[in-house]
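Hi everyone, thanks for coming along. Please have a look at the picture on the screen, and we'll walk through it together.

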Amino acid sequence: MREGRVLSLRRCPSAHYKCETWECPGGKLEFEESPKEGLVREIREETGLPAEVHEILYVSDFFTNKARHVILLAYGCTVQNTEVVLSDEHTEFAWASREMFEQMVEADIVADMQNANVFSRMGIR
């Protein structure tokens, strides 16, 4: 987050899961990596931005297929720089207002965020 806006990334057309959908930066942990360390690494890899990780905002889970169960830990993060350099994993980015973010991102993610009062806890109106 920066200045009341949420960084949103659009997955590339060749993504293995939910191609061309919008998401927040993040990804999988490497072995022996803490969730916060992994998030800082993933944000840097996906956007080129150094990030400061704050409190955990909510936890969710979903299945990508019958053999893969994902546990999602969503943290609040801030960045000082807005000069995004996208990795090959994404094709677009947007510093989205709350209204724009809620229209771009899948409804189940927005619902999780609303249920956990993410926007108000991050100071986003």
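Let's start with the sheet: three strands make an open sheet in the order β2-β1-β5, and the pairing is antiparallel. Which strands sit at the edges? They are β2 and β5, as each of them pairs on one side only.

Now let's follow β1 to its two partners. Strand β1, residues 6–11, pairs with strand β5, residues 90–96, over 6 bridges in the antiparallel sense. If you want a spot to find on your screen, look for L9, which stands opposite F93 in β5. With β2, residues 22–23, strand β1 pairs over 2 bridges, again antiparallel. Here the spot to look for is R10, standing opposite W22 in β2. For anyone new to sheets, strands pair through backbone hydrogen bonds, either parallel or antiparallel. Also handy to know: side chains in a regular strand alternate between the two faces of the sheet.

I should say that this is a predicted model. How confident is the predictor? The average pLDDT of the protein is 92, and 100% of the residues score at least 70. Among the elements, helix α1, residues 35–47, has the highest mean pLDDT, 97, while helix α4, residues 118–121, has the lowest, 90.

Let's zoom out for a moment. How many helices and strands does the protein have? There are 4 helices and 5 strands. Reading from the N terminus, their order is β-β-α-β-β-β-α-α-α. The C-alpha atoms fill a box of roughly 40 × 30 × 30 Å along the principal axes. A compact globule of 125 residues would have a radius of gyration near 14 Å, and the protein agrees with that, having 14 Å. Buried residues account for 38% of the 125 residues.

Next, the surface. I56, V59, I71 and L73 form a nonpolar patch there, with about 340 Å² of accessible area together. The elements giving two or more residues to this patch are β3, 52–65, and β4, 68–78. Take L73, which is in strand β4. Is L73 buried or partly exposed? Its relative accessible area is 37%, so L73 counts as partly exposed.

Last topic: charges. The structure holds 9 salt bridges, and I've picked three of them to show you.

The first pick is R2 with E3, where the closest N and O atoms are 3.5 Å apart. R2 is partly exposed, at 21% relative accessibility, whereas E3 is exposed, at 68%.

My second pick joins R98 and E102, with the closest N and O atoms 3.0 Å apart. Both residues lie in helix α2, residues 98–104, and they are 4 residues apart, about one turn of the helix. R98 is partly exposed at 26% relative accessibility, and E102 is partly exposed at 26% too.

The third pick is R41 with E42, whose side chains meet in a salt bridge at 3.2 Å, N to O. Are these two buried or exposed? R41 has a relative accessible area of 14%, so R41 is buried. E42 has 8%, so E42 is buried as well. Both residues also belong to a network of salt bridges that links E30, E33, R41, E42 and E45.

That's my tour, so thanks for listening!

Methods: Residues are numbered from 1 along each chain as its sequence is written. This is a predicted model: local features need pLDDT of at least 70, side-chain atom pairs count only at pLDDT 80 or more; totals for chains, interfaces and linings use all residues. Side-chain values use heavy atoms; hydrogens and water are left out. pLDDT is the predictor's confidence in each residue, from 0 to 100. Two strands pair if DSSP finds at least two bridges between them. Patches are made of residues with over 30% relative accessible area and no salt bridge: like charges are joined within 9 Å, nonpolar side chains (Val, Leu, Ile, Met, Phe, Trp, Tyr) within 5 Å. Accessible areas come from the Shrake-Rupley method with a 1.4 Å probe; for residues, only the protein chains shown count as cover. A salt bridge is a side-chain nitrogen of Lys or Arg within 4 Å of a carboxyl oxygen of Asp or Glu. Buried means under 20% relative accessible area, exposed over 50%, partly exposed in between (1.4 Å probe, protein chains only). The radius of gyration is taken over C-alpha atoms; the globule rule is 2.2 Å times the number of residues to the power 0.38.
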